[in-house]
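Work through these exercises with the model open. Try each task before reading its solution.

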Amino acid sequence: MTELREAVRTATAELAAAGVASAPVDALVLAAHVLGVEVAQARRLLVLGGIDIPDAYAALVTERARRIPLQHLTGEAHFRTLTLRVGPGVFVPRPETETLVSLALEAVDEISADGAASVVDLCTGSGAIALSLKAERPALTVRAVEFDPLAHGWAAANRDRLGLDVEVALGDARTAYAELVGTVDVVTCNPPYIPDDQVPIDPEVRDYDPALALYGGGSDGLAVPRALADRAAVLLCPTGVLVMEHGDQQGPVLLRALRASGQWAHATDHPDLVGRSRVVVAVRFDAGTG
């Protein structure tokens, strides 16, 4: 056993030396995990002093210093109001994707005052988007699809653990839900969008996030996003809404592609929580008005 305050101080130094940018936060989160308490409680225990922490803490810190993702060590990721289980084989949800959920909820609220609308989430991964939408708008009918069997397993497990009525299908998002063609109100999608030749620098991403969830194909990384936007256009009803995440340099190119396709009445780009270009919102063309 080691005294908590000294253990966290040593852990922070070790993580910082290993290049972990969030070293103080990660050291505290791992301490809370080992102690079985919330982070706020672990912070209070630090102030009190004189608290011991099990030896298992040092082993976890060493693994984090090897750049194993924090979420793989704790087994969970926090996303909006939910705590999701994550680990090897699934993309760890990022805070910037919370903006996509906010924009999707805005679209839902414009369609139906009571949230009684239909949503399809393409490339659902851990289920973060689909499950958050259902949790925050219980009247929604939410369906999700994931191609990778490992990631699909994580999404289904999260759905079951949270007790949310969301269909989680295993299949190709580019052909998913043929029975829903022309009927869906909102399609959400956080597709792979990193260009094939731009391997991420951070080991947590490069070595642990599945390649299927990272690389979007082609020199601009937008081959898969374009294909999924085409599928969204097929699934959506007239004036239905697509909400799609992209890389912070890809907004103008993606907007041009959507506008040139002739499938969208209009498309706009939106910043994430730190002001970076992040999410395109496009409204399906209504041939009946046109």
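The exercises below concern a predicted model.

**Exercise 1. Find how helix H1 and helix H3 are oriented to each other, and which residues join them.**

Step 1. Locate the helices. H1 covers residues 4-17 and H3 covers residues 39-48.

Step 2. Read the geometry. The helices pack at an angle of about 110°, and their axes are 8 Å apart.

Step 3. Classify the angle. Angles from 65 to 115 degrees count as roughly perpendicular. H1 and H3 are therefore roughly perpendicular to each other.

Step 4. List the contact. H1 brings Leu4, Arg5 and Val8. H3 brings Ala42, Leu45, Leu46, Val47 and Leu48.

Step 5. Sort by class. This contact of H1 with H3 has 7 nonpolar residues, no polar ones and 1 charged.

**Exercise 2. Do the same for helix H2 and H3.**

Step 1. H2 runs over residues 23-35. Its angle to H3 is about 100°, with the axes 9 Å apart.

Step 2. That angle makes H2 roughly perpendicular to H3.

Step 3. On the H2 side, the contact uses Leu28, Val29, Ala32 and Leu35. On the H3 side, Val39, Ala42, Arg43, Leu45 and Leu46 take part.

Step 4. By class, the contact of H2 with H3 has 8 nonpolar, no polar and 1 charged residues.

**Exercise 3. Place Gly49: where does it lie, and is it buried or exposed?**

Step 1. Gly49 sits in the loop between H3 and strand S2 (52-53).

Step 2. Check the cover. Buried means under 20% relative accessible area. Gly49 has 19% relative accessibility, so it counts as buried.

Step 3. Look for partners. Leaving out residues up to four places away in sequence, Gly49 touches Glu3 and Arg5.

Step 4. Take a long span. Gly49 and Val168 are 119 residues apart in sequence, and their C-alpha atoms are 46 Å apart in space.

**Exercise 4. Describe phi and surroundings for Arg67 and Arg80.**

Step 1. Recall the background. Most residues other than glycine have a negative phi.

Step 2. Read Arg67. Its phi is near 75°, a positive value in a residue other than glycine. Arg67 is in the loop between helix H4 (56-65) and helix H5 (70-74). At 14% relative accessibility, Arg67 counts as buried.

Step 3. Read Arg80. Its phi is near 50°, which is also a positive value in a residue other than glycine. Arg80 is in the loop between strand S3 (76-79) and strand S4 (82-85). With 27% relative accessibility, Arg80 counts as partly exposed.

**Exercise 5. Find how many residues of helix H7 are buried.**

Step 1. H7 spans residues 128-136.

Step 2. Count the covered positions. Of its 9 residues, 7 are buried, and H7 is mostly covered.

Step 3. Name them. They are Ala128, Ile129, Ala130, Leu131, Ser132, Leu133 and Lys134.

**Exercise 6. Place Asp148 and name what it touches.**

Step 1. Asp148 lies in the loop between strand S6 (141-146) and helix H8 (149-162).

Step 2. Its relative accessibility is 17%, so Asp148 counts as buried.

Step 3. Not counting residues up to four places away in sequence, Asp148 touches Gly89, Leu170 and Leu212.

Step 4. Asp148 and Leu60 are 88 residues apart along the chain, and 28 Å separates their C-alpha atoms.

**Exercise 7. Describe the second largest pocket and its lining.**

Step 1. The second largest pocket holds about 170 Å³ of space.

Step 2. Its lining is Leu103, Glu106, Ala107, Glu110, Ile111, Val241, His266, Thr268, His270, Val281 and Val283.

Step 3. Assign the elements. Helix H6 (98-111), strand S10 (264-271) and strand S11 (277-284) each supply at least two lining residues. The largest share, 5 residues, comes from H6.

Step 4. By class, the lining has 6 nonpolar, 3 polar and 2 charged residues.

**Exercise 8. Place Val253 and name its contacts.**

Step 1. Val253 belongs to helix H11 (residues 251-261).

Step 2. Its relative accessible area is 29%, so Val253 is partly exposed.

Step 3. Setting aside neighbours within four places in sequence, Val253 is in contact with Asp220, Leu222 and Arg226.

Step 4. Leu222 is 31 residues from Val253 along the chain, and their C-alpha atoms are separated by 8.7 Å.

Methods
Residues numbered from 1 in each chain as written. Predicted model: local features only at pLDDT ≥ 70, side-chain atom pairs only at ≥ 80, totals over all residues. Heavy atoms only, no water. Axes fitted to C-alpha atoms, helices over the stretch in contact; angles between N-to-C directions. Helix = DSSP H or I, 4+ residues; strand = E, 2+ residues; numbered from the N terminus. Parallel < 35°, antiparallel > 145°, perpendicular 65-115°, else oblique. Contact = heavy atoms within 4.5 Å. Nonpolar A, V, L, I, M, F, W, Y, C, P; charged D, E, K, R; others polar. Buried < 20%, exposed > 50% of the residue type's maximum accessible area, 1.4 Å probe, protein only. 1 Å grid on protein atoms, 1.4 Å probe; cavity = no way out; pocket = protein on both sides within 12 Å on 5 of 7 lines; lining within 4 Å. Points joined across faces, edges and corners; volume = space filled by probe spheres on them.
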